[in-house]
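The following exercises concern helix packing and pocket lining. Please work through each task before reading its solution.

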Amino acid sequence: KDAAVSALIGEKIGYTLQITVPAVLLSAGIGLLWGLRCGYKKGGLADRLSTATLIVFNAVPTFLIGLGLMIVFCFQNRLLPYTGLNSPETVRGTVGYVWDRVLHLLLPVGTLTLAALPSRYLLVRNMAASASDGKDILYAKQRGLPDSVIRRDYLLRSIAQPFLTMLGMSVSLCVGGSVVIEKIFNWNGMGTLFLNANNTNDYPLMMGIMLFLSFFALVANLV
């Protein structure tokens with residue numbers, strides 16, 4: 001039983017990480033850069049529009065984001081494939097196979113990125129807005145330092161610890177929260193494996209997946 005569970009998890013985790021790792025990096029990078037800018041220039045037009053838009057967007061369920069992207073890019077414009085890991089006609093090990101996998105990844109990664117981005121942005125923006133009133137920031141402004149230097153050397157330093165803590169926690173949440181995305185896009189990874197185990201009452205497999213996610217969260221937070 002243990003060997004079978006570990007083998008199933010080892011087989012599926014790679015597919016899930018192909019979605020979650022790019023999505024975590026993209027949402028964290030965009031949220032950090034844009035949140036720092038809007039928090040530093042709080043009250044400006046970009047800050048008001050971005051914050052209001054992402055607060056509303058934060059309430060949109062993940063499956064609606066995925067279905068919306070699928071309708072626009074797959075059914076209306078036929079720009080991207082919408083299900084599966086690869087197209088049936090592609091040959092494994094070729095450049096065409098790799099490119100086809102990238103095309104199949106765009107919508108799942110984009111969905112998870114858009115779902116995770118509002119929380120990243122709002123956290124960074126609020127911390128940056130609060131820190132921008134500090135004496136060190138005011139002193140840096142009086143010295144005439146460029147805004148880019150102030151954001152990088154002062155604001156980023158003050159918010160780095162809570163941001164990295166949130167990022168470490170979100171890695172495991174993204175891995176565990178990919179069930180909906182994998183179901184929509186027929187991506188046969190950990191989320192689908194857990195859903196099938198739940199439907200068949202496969203308790204050893206469910207416990208193995210939860211144990212793996214707990215260990216994954218512990219390692220991410222330690223790092």
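**Exercise 1.** In which hand of crossing does helix 3 pass helix 4?

*Solution.* The model is predicted, so local features require pLDDT of at least 70 and side-chain atom pairs pLDDT 80 or more, while totals for chains, interfaces and linings use all residues. Residues are numbered from 1 along each chain as its sequence is written, and side-chain values use heavy atoms, without hydrogens and water.

Step 1. Helices (H or I, at least four residues) are DSSP runs numbered from the N terminus. Helix 3 covers residues 62-76 and helix 4 residues 95-131.

Step 2. The two axes come within 9 Å and cross at roughly 140°; axes are lines fitted to C-alpha atoms over the stretch in contact, with angles from 0 to 180 degrees between N-to-C directions. Helix 3 is therefore oblique to helix 4 (under 35 degrees is roughly parallel, over 145 roughly antiparallel, 65 to 115 roughly perpendicular, and the rest oblique).

Step 3. The crossing of helix 3 with helix 4 is right-handed, meaning that the near helix is turned clockwise from the far one by less than a right angle; anticlockwise would be left-handed.

Step 4. On the helix 3 side, Thr-62, Ile-65, Gly-66, Leu-69, Met-70, Phe-73 and Cys-74 meet Leu-107, Gly-110, Thr-111, Leu-114 and Ala-115 of helix 4 (contact: heavy atoms within 4.5 Å). This contact of helix 3 with helix 4 comprises eight nonpolar, four polar and no charged residues. Here Ala, Val, Leu, Ile, Met, Phe, Trp, Tyr, Cys and Pro count as nonpolar, Asp, Glu, Lys and Arg as charged, and the others, Gly among them, as polar.

**Exercise 2.** Describe how helix 2 packs on helix 4.

*Solution.* Step 1. Helix 2 (residues 45-57) and helix 4 pack at about 135°, their axes 9 Å apart. The pair is therefore oblique, and its crossing is left-handed.

Step 2. Asp-47, Ser-50, Thr-51, Leu-54, Ile-55 and Phe-57 of helix 2 meet Leu-114, Pro-118, Tyr-121, Leu-122 and Arg-125 of helix 4. By class, the contact of helix 2 with helix 4 holds seven nonpolar, two polar and two charged residues.

**Exercise 3.** Which residues of helix 8 and helix 9 meet?

*Solution.* Step 1. The axes of helix 8 (residues 190-199) and helix 9 come within 9 Å, crossing at roughly 145°. Helix 8 passes helix 9 in a left-handed crossing.

Step 2. Met-190, Leu-193, Phe-194, Ala-197 and Asn-198 in helix 8 meet Leu-205, Met-206, Ile-209, Met-210 and Phe-212 in helix 9. The contact of helix 8 with helix 9 has nine nonpolar residues, one polar and no charged.

**Exercise 4.** Which helix gives the most to the lining of the largest pocket?

*Solution.* Step 1. The lining consists of Leu-164, Thr-165, Leu-167, Gly-168, Val-171, Ala-220, Asn-221 and Val-223.

Step 2. Helix 6 (147-176) and helix 9 (203-222) each supply at least two lining residues. Helix 6 gives the most, with five.

Step 3. By class, the lining of the largest pocket has five nonpolar, three polar and no charged residues.

Notes:
1 Å grid on protein atoms, 1.4 Å probe; cavity = no way out; pocket = protein on both sides within 12 Å on 5 of 7 lines; lining within 4 Å.
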